[in-house]
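Hi there,

Here is the structure I promised to send over. Have a look at it first, and then read on for what turned up.

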Amino acid sequence: GSVHLPMGEVLYYTSTGSQPRYLEGFTYDHFDGHTWTTSLVDTQSYYVNAAMPVDVDRSDTTQVTTDVTILQPPGGSIHYIFGPPQPISFDVPTTLSGDGTTGAWMQQSPLVKQEQYTVMSALTTSDTTVLSGVPLPSAAPDLWHNDKNYATLAMDYVQTPQDLSPNVQNVMRQWTQGATSAYDALKLLETHLSDQSVFAYSVNNAPIPGNTDVVDWLLKTRSGYCTYYATAMAVMARQLGIPTRIVNGFSQGHLDVAHNVWAVDGQDAHSWVQAYLPGFGWVNFDPTPGFAPNAAPASQAKPTATKTPANPAAPIKPTPAKTTTKNQTHTTPPPIKKPATSQHRKGQSVIVNQGVLMGISIFV
């Protein structure tokens with residue numbers, strides 16, 4: 001259907017190298033054709049600057065420091081906290097709900113206006129030559145099976161809806177024909193879906209019929225917002241055996257030249273795709289027309305802002321899990337600082353049709 005993204009800054013940030021960053025907050029792994037859900041597991045809490053788990057330990061990851069200032073604290077009882085993928089520590093006491101690869105990052109105490117925090121992240125290599133060296137799962141199954149995270153990936157990240165239209169796979173095969181590696185196939189999917197001569201970004205859309213899956217609907221209407229496109233790419237990649245997940249958070253925002261910071265508005269609320277490549281971990285892809293993870297923010301197609309509905313749906317409410325709090329102390333607004341960690345156990349699912357984030361309605 002339609003989504004309402006209000007105007008106004010929700011946060012601003014600076015990051016290593018003065019670079020813009022996508023800011024992730026939570027991820028989803030299961031899709032039934034209409035709704036994404038998260039398989040929740042044990043919730044763990046971390047000291048200030050405690051190390052969070054990493055998917056893949058590589059020497060060529062780039063560590064970046066991002067300082068965030070909150071202008072509109074998240075609504076609801078869950079204190080979502082954001083940072084560039086992959087967060088490895090925050091300078092505030094933080095809780096990670098997830099399996100170490102999927103979940104939500106939360107501050108233990110409520111966020112307040114003008115609060116500042118620092119997040120350290122380990123960025124996967126952006127060297128396309130290196131990434132293109134990973135073969136498709138069908139071409140080198142042993143390489144994929146030998147990855148230390150394969151059991152979890154095979155259980156949670158390659159599932160597709162049982163009643164998915166055959167048209168989806170047919171289109172996927174056409175688009176990825178000739179791909180010589182997993183990364184090449186992913187880039188082909190991203191390129192086709194983000195082609196603005198074929199697909200359009202729109203926040204105003206007719207409701208999807210109950211007997212039609214989201215991906216097939218997008219391929220027919222060729223119009224939708226970020227979650228439509230992210231869903232299509234994630235599902236098509238899974239049909240190739242490539243593990244994927246949906247990420248919610250904010251796109252990189254725009255440069256505030258006067259203050260030399262990256263300003264993030266309500267309209268920057270965004271969904272994109274992360275695909276897992278053996279030896280590299282989760283890699284960002286953004287198939288939404290007018291958006292790109294490493295493109296200049298000015299090129300993004302911004303929707304016309306409308307007011308947030310008076311009665312938006314409730315925020316994500318994960319089923320509470322036992323939490324071991326290692327540090328509950330929270331210091332308010334010093335100039336920016338870090339937390340984090342987790343493990344895997346299949347748990348309940350949280351259905352998110354519409355989450356409220358920073359007072360912004362995000363439809364999933």
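**The Asp216 and Lys220 pair**

With a relative accessibility of 6%, Asp216 counts as buried. Before going further, please keep in mind that this is a predicted model. The partner of Asp216 is Lys220: their side chains meet in a salt bridge, with 3.2 Å from N to O. Both residues belong to helix α6, where they sit 4 residues apart, or about one turn of the helix. Lys220 counts as exposed, because its relative accessibility of 56% is over the 50% cut-off. The bridge thus joins a buried Asp216 to an exposed Lys220.

**The other salt bridge**

How many salt bridges does the structure hold? There are 2. Besides the pair above, Lys187 and Glu190 bring their side chains together at 2.5 Å, again counted from N to O. These two are 3 residues apart in helix α5 (residues 182-193), so about one helical turn separates them. Lys187 is partly exposed, at a relative accessible area of 31%, while Glu190 counts as buried at 7% relative accessibility.

**Asp213, a buried charge**

Just before helix α6 comes a residue I would look at next. Asp213 lies in the loop that runs between β11 (200-201) and α6 (214-221). Asp213 is buried but has no salt bridge, and the nearest side chain of opposite charge, that of Lys220, is 7.7 Å away. Which backbone nitrogen lies 2.7 Å from a polar atom of the Asp213 side chain? It is that of Asp216, the residue that also meets Lys220 in a salt bridge. The backbone nitrogen of Ser165 lies 3.2 Å from a polar atom of the Asp213 side chain as well. Leaving out residues up to four places away in sequence, Asp213 touches Gly33, His34, Asp163, Leu164, Ser165 and Val168.

**The nonpolar cores**

Val168 leads on to the core, since it turns up among the contacts of Met236 too. The largest nonpolar core has 79 residues, and Leu11, Met236 and Leu277 touch the most other members. Helix α7 (residues 226-239) gives this core its largest share, 10 residues. Another core lies apart from it, with 5 residues that include Val56, Tyr157, Tyr276 and Trp282. As for Met236, once its neighbours within four places in sequence are set aside, the residues in contact with it are Val168, Val171, Met172, Trp175, Leu189, Val215 and Leu219.

**Asn49 in its loop**

Where is Asn49 placed? It belongs to the loop between β5 (43-46) and β6 (62-70). Asn49 is partly exposed, with a relative accessible area of 42%. Its C-alpha atom is 8.7 Å from that of Val119, although the two residues are 70 apart along the chain.

**The chain as a whole**

To finish, here is the overall picture. The protein chain has 7 helices and 21 strands. Its length is 364 residues, of which 57% count as buried. Among contacts between residues at least 6 apart in sequence, 80% join residues at least 24 apart. The chain exposes about 14600 Å², and carbon and sulfur atoms supply 51% of that area.

Happy browsing, and do write back with any thoughts.

Best wishes

Definitions and conventions:
Residues are numbered from 1 along each chain as its sequence is written. Side-chain values use heavy atoms; hydrogens and water are left out. Buried means under 20% relative accessible area, exposed over 50%, partly exposed in between (1.4 Å probe, protein chains only). A nonpolar core is a set of buried Ala, Val, Leu, Ile, Met, Phe, Trp, Tyr and Cys residues joined through side-chain atoms within 4.5 Å. Contact means heavy atoms within 4.5 Å. Lys and Arg count as positive and Asp and Glu as negative; His and the chain ends are not counted. A salt bridge is a side-chain nitrogen of Lys or Arg within 4 Å of a carboxyl oxygen of Asp or Glu. A polar contact is a pair of N or O atoms within 3.5 Å; within protein, one must be able to donate a hydrogen and the other to accept it, and residues adjacent in sequence count only if both atoms are side-chain atoms. Accessible areas come from the Shrake-Rupley method with a 1.4 Å probe; for residues, only the protein chains shown count as cover.
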